[in-house]
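Visitor: Hello! Could you walk me through this structure, one question at a time?

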Amino acid sequence: MKRIRIDFAIAFLVAFGVGALVSFGAGKVIDRLEEKSEEMVYSNTKIGAAADKGTPVAYDISDMMEEDCFTVHLKEGRSLDSLYYDKTYYHIYELDSEEVVLVDEYFHNSYYDHDEDDTSFFPDSYEVLPVGRVVMGQLDDELIKMIEEKGYTLTDTSFYIDMRGDFKDFSREDYEDKAELLSFGAGLIAFFLIRYLMIASGVFSPVIPLRFLKSWKRFVNYYGIIYYGDGVKQIAALRKKGKMDEAAYEFSKLVGVGAQEAQMAMQFWSEIYGEGILKVKKI
């Protein structure tokens, strides 16, 4: 029992170390992915990207309807509120025309700018929203009700503005959950691998008697470990009785080697170690 406790402790420590190493590496990868997700992507036409200088600017709903894609210069105080509905964060914005619209925005690709013609010491700045497009379709009644409960009324409920496109918000929690599962899996594999190597070395006995694992069969050049359960015990019993020829014969059938090789193997094995494990001494 003491020997089992020791090898379990060793395997557990190694598995813990492997799991911790995988977790540390995964954390570094997640940090890099998070940094990359916050890098701005500029484009004139890619929905959700940061607007370039050539992106048309929409000042009212009419401008939006005329353009395939556009940006909006949002002045201070025009961001009214936000809400979460159907796994999406929507923003309620007021345009320069005082029209109120609903926007699904990838905020990492928005930035602040100011008019070049404004030469004052502190020029008025505005937020440049990502490249967007009009998505036609009557909004859900429940969504409209949530907006009204916040005290706002959309100018037109037959569309919303997509300023996200294919961009997705980075969820560190999701990646960390996957990293935990990965580190646990790596540690578990390491634990069983170390346990196998310890048993295969002959230093520690198996916890489960190998006679229940008849598919475990291995023989390596007359030294190493052979897993055969009760078949090995029969050979051991013959050896103890001095019936070496019979033992060699049974060994040749069990392992699948010739009679001469079986006779040689008989000279270099030790007694059964553990439950159904034959340890053969190295020549």
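Visitor: Let's begin with valine 72. Which residues does valine 72 touch, leaving out those up to four places away in sequence?
Guide: Happy to help, and please keep in mind that this is a predicted model. Contact here means heavy atoms within 4.5 Å. Leaving out residues up to four places away in sequence, valine 72 touches Ala58, Met64, Leu95, Glu127, Val128, Leu129 and Met163.

Visitor: Which residues have the most contacts inside the largest nonpolar core?
Guide: That core has 15 residues. Val72, which we have just met, is one of those with the most contacts inside it. The full list is Met64, Phe70, Val72, Val101, Ile161 and Met163.

Visitor: And which element gives the most to this core?
Guide: Helix H2 (61–66), strand S6 (100–105) and strand S10 (159–163) each supply at least two residues of the core. With three residues, the one that gives the most is S10.

Visitor: How many residues does the second, separate core have?
Guide: Its members include Leu83, Ile92, Val100 and Ile147. This core is separate from the one we just discussed, and its residue count is 11.

Visitor: Let's move on to threonine 71. Is threonine 71 buried or exposed?
Guide: Threonine 71 is found in the loop between H2 and S3. Not counting residues up to four places away in sequence, threonine 71 touches Ala51, Thr55, Pro56, Val57, Ala58, Val128, Leu129 and Pro130. Buried means under 20% relative accessible area. Threonine 71 has a relative accessibility of 1%, so it counts as buried.

Visitor: Which strands stand at the edges of the open sheet?
Guide: Three strands form this sheet in the order S3-S8-S7, with antiparallel pairing. An edge strand here has a single partner strand, so one side of it is left without a neighbour in the sheet. That describes strand S3 (73–74) and strand S7 (111–114).

Visitor: Which residue stands opposite tyrosine 111?
Guide: S7 covers residues 111–114, and four bridges join S7 to strand S8 (residues 125–128). These two strands run antiparallel. Opposite tyrosine 111, in S8, stands valine 128.

Visitor: What is the phi of lysine 87 near?
Guide: Most residues other than glycine have a negative phi. Lysine 87, in the loop between strand S4 (79–85) and strand S5 (88–94), has a positive value instead. Lysine 87 is also exposed, with a relative accessible area of 74%. Its phi is near 65 degrees.

Visitor: Is glutamate 98 buried or exposed?
Guide: Glutamate 98 lies in the loop between S5 and S6. Glutamate 98 is not a glycine, yet it has a positive phi of about 70 degrees. Exposed means over 50% relative accessible area. Glutamate 98 has 59% relative accessibility, so it counts as exposed.

Visitor: Which residues make the nonpolar surface patch of about 210 Å²?
Guide: One member is isoleucine 6, placed in helix H1 (residues 2–37). Patch residues need over 30% relative accessible area, and isoleucine 6 is partly exposed at 40%. The patch is made by Ile6, Ile10 and Val14.

Visitor: To finish with the whole chain, what percentage of its residues is buried?
Guide: The protein chain has seven helices and 13 strands, and it exposes about 17300 Å². Of its 283 residues, the buried ones make up 36%.

How values were computed:
Residues numbered from 1 in each chain as written. Predicted model: local features only at pLDDT ≥ 70, side-chain atom pairs only at ≥ 80, totals over all residues. Heavy atoms only, no water. Patch = residues over 30% accessible without salt bridge, like charges linked within 9 Å, V, L, I, M, F, W, Y side chains within 5 Å. Areas by Shrake-Rupley, 256 points an atom, 1.4 Å probe, with all protein chains shown as cover. Salt bridge = Lys/Arg side-chain N within 4 Å of Asp/Glu carboxyl O. Buried < 20%, exposed > 50% of the residue type's maximum accessible area, 1.4 Å probe, protein only. Core = buried A, V, L, I, M, F, W, Y, C linked by side-chain atoms within 4.5 Å. Pairing = 2+ DSSP bridges.
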